[in-house]
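Got the model open in your viewer? Keep the selection box handy and follow along, one stop after another.

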Amino acid sequence: MSGARREPWARDPAQGEPGKKRGKRAVRGEFSAAIREPALKEKAGAAWARREPLNHEAMAVDPAPFCHGVIPDFIQCPGFLDGLQRELLSLDFHEKCNDLYKFKQSDDLKKRKEPHILALRKVLFEEFREWLSAVTQVELEPTIDLSCAKYEYTDALLCHDDELEGRRIAFILYLVPPWEKSDGGTLDLYSTDGHFQPQQVVKSLVPSWNSLVFFEVSPVSFHQVSEVLTEGKCRLSVSGWFHGPSVARPPRYIESLLPRNPHLPYDHEILYEWINPVYLDMDSQAQIQEEFEERSELLLKNFLKGEKFQLVCEALQKDDIKWSCRGPPNKRCYEKAEEGSLPDVLRKCLEFFHSEALFLLLSNFTGLKLHFLASSDDEDEEGEEGRATDCTGHSSSKPKQGESSQKANSDADQVDQLENDPQTKESDIKNSSSVPMCMGELRHWTNGHYTLVHDTQTTEFALDLLFFCGCEDWDAAYGGFTSYIAKGEDEELLTVNPENNCLALVYRDKETLKFVKYVNHRSLECPKKQSRAGFWDFSFVYYE
């Protein structure tokens, strides 16, 4: 008898698998009946077209800072969502981490066969797509672009606009536990300026169970997922894009570059005042140059004299230093010191990194021609390879007294002439090979700070210098490290971690980009031995 009971469920080629088919048919999702009501649908379409706000218990539309909508109870059947959540959490997730984000993402959901995922796909890309096309007046295609993301403690997605060929409407469906703004993980929307550049967060949408957010992808649709701040909470979401006809975009805004300057005419005495004497030894410099020419990067520990480094660290904590935030946030976010507000020791430290004597010392460290006394490639070919020049100004061809400062003054005059000549292009200044140049700033890094690789980032041969302060006990897990990558790739070529009183030198070519990794909430756990959280660096770039 038990065999007879099982017989109708046995496989039969003629009948297929009726039991399984009935199970699949039972899983059906439907989106909110309230927003499908013709009257509300018409109101939503009118609000979207006129860029006017609409507030209704079933949905909201807001044109500021860019057009977006929120549907608080998107799926009608609560049981469906429980099943969907179970299927999503059983998927394989992959760590995604680069300059822009850190979170876990599933494989593409386009072809998944799990019944609830399959049903959600049908709801989104068939029924809801038709509704959304009518409301936004955009002919949306049935293209499926769908994935699942998990954001957990310290995960974030930084400021970006979502623009990619064919993307017209972005959406996110949240499947989160009870969530507060203090948990982080908000969808932050940015205002923009006249150049279509993001300025500041003006609206934050807190995730909630079964809420769906959608927004128009445009040159001003800058947004971010703020860092998740609560341990043990998972911000689970399904997101993607509806595609449609591409629209014309304005050209990318090219921001002005930081000013570049020739060296300041300070002689070798400034080196003896600031630098650990071991790095002024000619044999040490020759060895350092040999290592640098092999690896194109160096880390020189205990670079400054101990007493000088201590004075710099103490001065950095003074309250009267004015720090300004450098943006825009789709490219960078950190604090830069305003030079006019700096205590004397920090002003002199900046002058030290600009000094003629340091230009020459860097030439000896790297083999680059950053000073007229440094040997050139032509001289190397004539048998002088590897010969460092004495940083006191002595070499086999001794310059006349005062020639160093005269050369610096003539270099400065040459730059002035170039800048004042209306026929001179910016590239003429940058490419003036007879005038080694540098640019630099003093930066403060704390939770929420970063730099990003971006479309308009200039790439050229350059020597990067980083000198770190206030980062004792800093852990790489906090972020704040400088990462070098090949253009078009995510894989790191080199990572420079902050380390107290260390000078990092990195020579990069035109195919190499760099960014500073987002400083996350864990950094606040770092034992504080100073009044301000985070760390500081002197960041300079030198050009031959």
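Start with strand β15, residues 323-326, and show β16 next to it: the two run antiparallel and share four bridges. This is a predicted model, so keep that in mind as you click around. What joins β15 to β16? A hairpin, by way of five residues. To see one of the bridges, select Trp-323; its partner in β16 is Ala-337.

Stay on β16 and bring up strand β18, residues 450-451. These two are also antiparallel, with two bridges between them. Pick Cys-333 and look across to β18, where Tyr-450 stands opposite.

Now add β17. β16 pairs with β17 in the antiparallel sense too, over two bridges. Select Lys-336 and you'll find Arg-443 of β17 standing opposite.

Next, a walk through the aromatics. How many aromatic pairs does the structure hold? There are 32. Begin with Phe-31 and Phe-74, whose rings are stacked, with 5.9 Å from centre to centre and 20 degrees between the planes. Colour by secondary structure and you'll see Phe-31 in the loop between α2 (18-26) and α3 (33-36), while Phe-74 sits in the loop between β3 (68-71) and α5 (78-89); the pair therefore ties together parts 43 residues apart in sequence.

Are these two rings buried or exposed? Phe-31 has a relative accessibility of 3%, so it counts as buried. Phe-74 is buried as well, at 0% relative accessible area.

From there, jump to Tyr-334 and Trp-445. This aromatic pair is tilted, 4.8 Å centre to centre with 40 degrees between the planes. The strands from earlier come back here: Tyr-334 belongs to β16 (residues 332-337) and Trp-445 to β17 (residues 437-445), so-called distant parts of the chain, 111 residues apart. Switch on a surface and check both residues: Tyr-334 and Trp-445 are buried.

For a bigger selection, try Trp-274, Tyr-279, Phe-303, Phe-309, Phe-352, Phe-353, Phe-359, Phe-365, Phe-467, Phe-538, Phe-540 and Tyr-542. Show them as sticks: they form one aromatic cluster.

Two charges over rings round off the tour. Go back to Phe-31 and add Arg-36, which lies over the face of that ring, 5.0 Å from its centre. Then select Arg-260 together with Tyr-543: the charged end of Arg-260 sits over the Tyr-543 ring, 3.7 Å from the ring centre.

Methods
Residues are numbered from 1 along each chain as its sequence is written. This is a predicted model: local features need pLDDT of at least 70, side-chain atom pairs count only at pLDDT 80 or more; totals for chains, interfaces and linings use all residues. Side-chain values use heavy atoms; hydrogens and water are left out. Rings of Phe, Tyr and Trp (its six-membered ring) pair if their centres lie within 6.5 Å; planes under 30 degrees apart count as stacked, over 60 as edge-to-face and the rest as tilted. Buried means under 20% relative accessible area, exposed over 50%, partly exposed in between (1.4 Å probe, protein chains only). A charge sits over a ring if NZ of Lys or CZ of Arg is within 6 Å of the ring centre and within 35 degrees of the ring normal. Two strands pair if DSSP finds at least two bridges between them.
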